[in-house]
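The following paragraphs lead the reader through a structure, beginning with a single strand and proceeding to a whole chain and its contact with a partner.

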Amino acid sequence: MSPTNPLPDVGAPFLQGLRDRRLMLQFDRANGRAQFYPRPQSLYGEAGVEWRPASGRGTLFALTQSGVAPPHLQGAVPYAMALVQLEEGPRMLARVNAPYDSLRIGQAVTVDWDHPDTRSFPVFKPAA
Amino acid sequence: MKTLSDRGIAIVGFAETKLERRSGRTALSLAGEAVDQLLARTGVERSRIDGFATTLAMSEGGNPFYSNLLAEGLGLSVTWCQATEIGGASSGGNIARAAAAIQAGMCDIVLCLASDAVSTVDRSVQSGHRTEYADPAGYAGPLSAFALLSNLYDQRYGLPHDALAKLAVTQRKGALLNENACEVLRKPLTERDYLESKLVSSPLRMLDCVMRCDGASAVLVMSTQRAKEMGFRKLVHPISYAERINFDPTESCGDMLKSGFTDVGPRAFANAGWKPSDVKMLHWYDDFLIALILQFEQTGFCGPGEGGAFVMAHDLTYSGELPLNTGGGQISAGQPGLAGGGVNLVECLRQMFGEAGRRQVRDASNAMLTGIGVLQYARNWGTSSVMLLERSE
């Protein structure tokens with residue numbers, strides 16, 4: 001981590017994990033419940049959190065074909081964007097690297113580690 | 001709030017600028033126009049105002065002295081001052097905060113202001129999960145969140161396309177008669193126009209969404225005793241208020257359709273001893289039409305999944321049995337950024353003061369005002385508020 005390009009403090013292990021091709025999540029130290037996005041405390045108790053790698057697997061919980069985009073993705077519209085229900089519990093907002101019409105709710109997806117954008121935020125793909 | 005039901009707090013006047021797309025003005029300039037109009041309409045001298053509450057303005061970005069800047073620019077020297085940053089719930093929230101400040105003896109006469117020139121310049125930055133985890137994922141602002149919420153509603157109940165179209169047309173009828181509505185929106189609209197409008201983020205259509213504009217509104221709040229001493233005859237009393245910020249934080253894996261309205265609706269009604277059927281008109285926060293369907297279901301007008309049927313079964317126009325957003329709401333009048341809640345609030349007061357002209361409703365003796373603020377990460381909206389208001393007879 002370059003000192004001139006500091007990672008956000010609470011979420012640093014998540015971003016470092018993406019560079020190591022691992023999906024890191026926070027888990028409650030007492031009851032093991034996972035949460036995303038990273039927070040300074042557990043949502044589920046006062047025992048604190050620990051970081052552990054997650055499976056990178058989930059299912060499509062909600063889905064849209066987005067015709068609008070933040071500036072860095074203006075060239076990518078339209079794209080499929082979903083709330084992915086992660087196997088460990090929390091939901092993650094992410095793009096899905098597949099034609100929108102080929103996707104259905106409940107479908108199994110996995111982090112697409114070969115997608116170049118996954119280094120800065122996970123892009124998912126249909127599970128094999 | 002426990003201190004409103006005795007009608008001890010009064011709203012004595014309101015003012016609003018015309019809503020305009022890319023006015024080229026600043027929030028202060030728009031605020032100045034609204035305040036001049038308010039003082040002229042109420043006859044209250046500027047120097048009598050000793051309390052000031054404002055919403056934030058996206059056009060002013062992160063100015064850390066925003067409320068002070070406005071007070072100085074507007075020539076106000078006050079003993080109580082605050083900017084309220086609960087998004088679209090801030091306009092109604094400021095009435096409640098003003099009431100609390102007056103009852104606590106911190107001030108006597110409060111100016112509640114909402115002004116934003118966001119369509120001229122947007123200097124806002126939403127630090128935190130929005131920039132760290134939502135934008136990198138492809139999030140394009142509130143319409144991404146409402147598209148996913150709409151998809152979820154569609155999965156569970158089926159989206160009520162006919163009812164959404166009816167809501168769009170109903171509110172547009174009010175905007176046609178509202179001279180303060182954005183000109184570009186003052187064109188007749190049919191259900192077919194709605195249904196054929198472009199999908200911006202499926203299943204969300206262009207005409208499901210608000211259009212940003214510039215504008216300001218201002219409201220004067222004081223104790224009912226002071227209002228009577230000053231000779232005001234027409235008064236509107238906020239009689240009940242409830243708000244919830246960051247609803248249901250541990251249910252990130254729970255029911256995403258459920259919003260804070262399931263909390264604030266029942267609380268606000270219980271405080272006033274009302275039930276939904278006692279409400280004469282609805283001035284509900286409408287950044288997206290689906291938010292209105294969820295409010296019907298979650299404040300007790302109908303059950304989950306029944307919002308579409310409820311809309312189809314009732315005439316919600318200004319001449320109907322349960323008027324809704326009679327000036328067009330934000331959907332058909334425009335959303336002046338963080339001042340958007342003022343559009344609903346001012347139309348509510350305009351009706352209650354009997355000044356709505358050709359769109360005046362038959363019975364404006366009471367009203368229900370709502371606010372919605374901020375979108376949470378992978379959840380519903382974060383802030384929900386309900387205010388119930390009654391007119392003095």
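In this predicted model, strand 6 of chain A is covered on both faces. On one side lie Arg91(A), Leu93(A) and Arg95(A), and on the other Met92(A), Ala94(A) and Val96(A); every one of these residues is buried. The strand comprises residues 91-96, and the count of buried residues is accordingly 6 of 6.

The pairing of strand 6 of chain A may be considered next. Strand 5 of chain A, residues 79-86, runs antiparallel to strand 6 of chain A, and the two are joined over 6 bridges. Within this pairing, Arg91(A) has Gln85(A) as its bridge partner. The two strands form a hairpin in which 4 residues separate them. In the turn, Gly89(A) adopts a positive phi of about 130 degrees.

Attention now turns to chain B, which contains 13 helices and 11 strands. Its C-alpha trace extends about 55 × 45 × 45 Å along the principal axes. For 393 residues, a compact globule would be expected to show a radius of gyration near 21 Å, and the 19 Å of chain B agrees with this. Of the 393 residues in chain B, 59% are buried. Among the contacts in chain B that link residues at least 6 apart in sequence, 79% connect residues at least 24 apart.

Helix 3 of chain B offers a view of this chain at the level of one element. Spanning residues 90-103, helix 3 has 14 residues and covers 19 Å between its first and last C-alpha, close to the expected 20 Å. Why is helix 3 of chain B described as largely enclosed by the rest of the structure? The reason is that 12 of its 14 residues are buried, a residue being counted as buried when 20 or more other C-beta atoms lie within 10 Å of its own. The buried residues include Ser90(B), Gly92(B), Ile95(B), Arg97(B) and Ile102(B). After the helix comes Gly105(B), with a positive phi near 80 degrees.

Finally, the two chains meet in a contact that draws 27 residues from chain B and 29 residues from chain A. On the side of chain B that touches chain A, helix 4 (129-134), helix 5 (142-156) and strand 5 (199-201) of chain B each contribute at least two residues. Helix 5 of chain B gives the most, with 7 residues. By character, this side of chain B consists of 16 nonpolar, 9 polar and 2 charged residues.

Technical notes
Residues numbered from 1 in each chain as written. Chains lettered and ligands numbered in written order. Predicted model: local features only at pLDDT ≥ 70, side-chain atom pairs only at ≥ 80, totals over all residues. Contact = placed C-beta atoms within 7 Å. Nonpolar A, V, L, I, M, F, W, Y, C, P; charged D, E, K, R; others polar. Expected span 1.5 Å × (residues − 1). Pairing = 2+ DSSP bridges. Rg over C-alpha atoms; globule rule 2.2 N^0.38 Å.
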